[in-house]
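Hello,

Here is the model you asked to look at. Please open it before reading on.

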Protein chains: 2
Amino acid sequence: MPKIVNHEERKALIAKATWNVIARDGLGGASVRSIAKEANLSLGAVRHYFNTQEELLEFAMQLVEEQATDRIMEHAKESLPPKTITLNMLMELIPPENRVVEMQVWLEYISYKLRKKELKEDSVHQGIVLIMNRLNDAGLLKAEVNLEEEIIHLHALIDGIALHLLMGFVTIGRDRIRALIERELDRIFT
Amino acid sequence: MPKIVNHEERKALIAKATWNVIARDGLGGASVRSIAKEANLSLGAVRHYFNTQEELLEFAMQLVEEQATDRIMEHAKESLPPKTITLNMLMELIPPENRVVEMQVWLEYISYKLRKKELKEDSVHQGIVLIMNRLNDAGLLKAEVNLEEEIIHLHALIDGIALHLLMGFVTIGRDRIRALIERELDRIFT
DNA sequence: TTTTATTTAATACGTTTGTATTAAAATAAT
DNA sequence: ATTATTTTAATACAAACGTATTAAATAAAA
């Protein structure tokens, strides 16, 4: 009987407005009012979908991680050589121009979770662990590799490059980053 | 004629209180009042040393970068094999337990500078660039290495590991991290 | 001891904040 | 057309905020 509004869509819309505010003003500047304004909604409208500010912020930030995990995991379904798939998955963590905002939100999310000491699970990292274990079980990795260390090595390298890309330290393009990561994969693939 | 107070020392004391507040409550939670309370000073006292909140926060965050750069550059003076010096310098970026707060502040500083788009210079990165160039000029690196790429590679790897250490992804100890980095150095040293 | 510049403390003001409340508007079913 | 229920809008309020102002306390120099 009411005006029908797709709740999920509307929440996602508010979440994306939240991303913009966080990228522009930081997590501390992400007030319910400023988010409502960014989303072209009233204060009460936003409050209707999220009961508290914390709920809204956590939803918005979590969405970044979820979407990233989904994007990464999509690659696993493709029918390509295992090394190419792995490379594509890792490269998904290097944000192109139009996903810099998401990475900025991710950075704030890291700090936030660190402060709240709720840093146990990270679906992106767990996804990488899963894939690497599959590769190893399938006998695609050299016998002498220390899997635990290589997972740490690879994920740290790709995240470090992504971070330094944002910070302006990385002067090389995506193609050369890709080649750099491929060299690392060559080191451990049979 | 006045009560003599070492300005620099007092400012550093306030800055360190600021670190604790930022690590606990985030940059957005770092109000002048909460910092004064953390430093056991009055609101007016803090305001006496810093005219605005922004000035205080920037001073405190900048101090982290300065101290880190100083620590790194100290290693350059030691009389040890070049590879060992380089390794020691890079390992300085892996925060031990008692410097986790500084790294948390550094994380917030990154976000802050990104937002303000004042991300041009970073003394830590510039220090690493300097040292690597020196090594290369001294003929200590293999002729075929692409210096630009290796600098990006090394710094990204060490910063990625540091970040993932904070996030709880890194399950190996400092010694094994050190060995991992040393393997990378072996790849480029003659 | 008196003087004097520095340091601290106390208080106040105008904004912005999160959240609550309440009523109005909108629309699908009857 | 009426009804029922969801969605939106408007307003209010206490708390926390940055900053300014003013007076008090402090301690080295005279």
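Below are notes on the interface between the chains and on a few aromatic residues.

First, a caution. This is a predicted model, and every value here is computed from it.

**The interface**

Chain A and chain B touch through 42 residues from each chain. The area buried between chain B and chain A is about 3700 Å². Carbon and sulfur atoms give 61% of that area. Three residues of chain B stand out: Arg115(B), Met167(B) and Phe169(B). They supply 16% of the area that chain B buries against chain A, more than any other three residues.

Charges meet here too. There are eight salt bridges between chain B and chain A. One salt bridge joins the side chains of Arg115(A) and Glu108(B), at 2.7 Å from N to O. Polar contacts link twelve residue pairs across the interface of chain B and chain A, counting pairs with both residues at pLDDT 80 or more.

Which helices of chain B each supply at least two residues of the side that touches chain A? They are H1 (7-25), H6 (100-116), H8 (147-167) and H9 (174-188). H8(B) gives the most, with 15 residues.

**The aromatic pairs**

The structure holds two aromatic pairs over all chains. In chain A, Phe50(A) pairs with Phe59(A). The ring centres are 5.4 Å apart, with 55° between the planes. That pair counts as tilted, because its angle is neither under 30 degrees nor over 60.

How do the two rings of chain A compare in accessibility: buried or partly exposed? Phe50(A) is buried, because its relative accessibility of 3% falls under the 20% cut-off. Phe59(A) has 27% relative accessibility, so this residue counts as partly exposed.

Chain B has the other pair, Phe50(B) with Phe59(B). This pair is tilted, at 5.4 Å centre to centre and 55° between the planes. Phe50(B) has a relative accessible area of 2%, so this residue is buried. Phe59(B) comes out at 25% relative accessibility and therefore counts as partly exposed.

**A lysine over the ring**

Phe59 has a further partner in each chain. The charged end of Lys11(A) sits over the ring of Phe59(A), 4.8 Å from the ring centre. In chain B, Lys11(B) lies over the face of Phe59(B), 4.8 Å from the ring centre. Phe59(A) thus takes part in a tilted pair with Phe50(A) and also has Lys11(A) over its ring.

Best wishes

Terms used. Residues are numbered from 1 along each chain as its sequence is written. Chains are lettered from A and ligands numbered from 1 in the order in which they are written. This is a predicted model: local features need pLDDT of at least 70, side-chain atom pairs count only at pLDDT 80 or more; totals for chains, interfaces and linings use all residues. Side-chain values use heavy atoms; hydrogens and water are left out. Rings of Phe, Tyr and Trp (its six-membered ring) pair if their centres lie within 6.5 Å; planes under 30 degrees apart count as stacked, over 60 as edge-to-face and the rest as tilted. Buried means under 20% relative accessible area, exposed over 50%, partly exposed in between (1.4 Å probe, protein chains only). A charge sits over a ring if NZ of Lys or CZ of Arg is within 6 Å of the ring centre and within 35 degrees of the ring normal. Contact means heavy atoms within 4.5 Å. Buried area is the accessible area (1.4 Å probe) that two parts lose on being put together, summed over both. A salt bridge is a side-chain nitrogen of Lys or Arg within 4 Å of a carboxyl oxygen of Asp or Glu. A polar contact is a pair of N or O atoms within 3.5 Å; within protein, one must be able to donate a hydrogen and the other to accept it, and residues adjacent in sequence count only if both atoms are side-chain atoms. Helices (H or I, at least four residues) and strands (E, at least two) are DSSP runs, numbered from the N terminus.
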